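Dear colleague,

Please find below the structure that I am handing over to you. My notes on it follow directly after.

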Amino acid sequence: TLFAITCSLLLFSLPLFLHFSHVVNTSIASITNGDLSYFTDAVFTPDAKWVIAAASDNNICVYNNSGQLQTVFPAHNKPIRKIALTNDGNLLTVSEDKSIKLWTPAGNLLNTVNAHGKAINSITVSHNGKYWVTTSDDKTAKIWNCNGVLVQTLKDHDDVVNAAAFSPDDNFILTASKDNTLKVWTINGEMLRTFVKFNASIQSVQYSSDGRQILVSAGNFAYLLSQSGKQLSVFSGHEKLVNSAVFSPDCNFVLT
């Protein structure tokens, strides 16, 4: 299935506590991919008509929103770790094979970039669509223009870089690392500051929509920080590693 049955999600209100009646949502589709492979990432297309999923067997699978498989195409030589959509509707994939690939939604390959020296962990598209940022096991993050041309290499971390995020105005980038640090960079590649070390590898990072707060997951917790790195809240309740923490679109809630 799309999510392993052993995973868990926790939802926190932030900062407003809203009243909800007891509503139970049931799934409208269960998407399976056979016994020998699992999904590593999935996204909706902007019109919500399609689900694009990356599988551990190196393929991209496209489903309609009823869960029916429409197409499968081989994308990489090793497992795909993350996928993202560009502003013009194309698909970006990054893999343990160290490459970025750009595709049309129909699976036509537009570009391949041999991007890093080791496996690539994430790819994020800037809000204006002009840049991508990738993070890698090679301890670097890299900024690319939308044509796949390298703009800057960010190389001040001491260990694997797990994730990155653009600020809402796209002037700054946050990078999160297995070295337990979060770093702030300008879009020109200047490292501005390193936040105080966490007690565990930072798995994910996100700016709030107004850019005034930062959400990170590290170890068994998620943390809400001010823009300057001051700790505002801690979200607890998981017994094992929190892989990701995200804001709701209105930033009133956090999902871990």
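Two rings of Phe, Tyr or Trp are taken as an aromatic pair if their centres lie within 6.5 Å. With that in mind, Phe198, Phe221 and Tyr223 form one aromatic cluster. Please note that the model is a predicted one. In total, the structure contains four aromatic pairs.

One of these pairs joins Phe39 and Tyr63, whose ring centres are 6.2 Å apart. Planes over 60 degrees apart count as edge-to-face; the planes of Phe39 and Tyr63 stand at 80°, so this pair is edge-to-face. Phe39 belongs to strand E2 and Tyr63 to strand E4, so the contact ties together parts that are 24 residues apart in sequence. Both residues are buried, a term that applies under 20% relative accessible area: Phe39 has a value of 11%, and Tyr63 has a value of 3%.

The strands that carry these two rings are part of an open sheet of four strands, in the order E2-E3-E4-E5 and with antiparallel pairing. Strand E2 (39–44) and strand E5 (69–74) are the edge strands, each of which pairs on one side only. From one strand to the next, the twist averages 20°.

Within the sheet, strand E3 (residues 50–55) pairs with strand E4 (residues 59–64) in the antiparallel sense, over five bridges. Trp50 stands opposite Asn64 of strand E4. As general background, strands of a sheet pair through backbone hydrogen bonds.

With kind regards

How values were computed:
Residues numbered from 1 in each chain as written. Predicted model: local features only at pLDDT ≥ 70, side-chain atom pairs only at ≥ 80, totals over all residues. Heavy atoms only, no water. Pairing = 2+ DSSP bridges. Axes fitted to C-alpha atoms, helices over the stretch in contact; angles between N-to-C directions. Phe/Tyr/Trp six-rings, centres within 6.5 Å; stacked < 30°, edge-to-face > 60°. Buried < 20%, exposed > 50% of the residue type's maximum accessible area, 1.4 Å probe, protein only.
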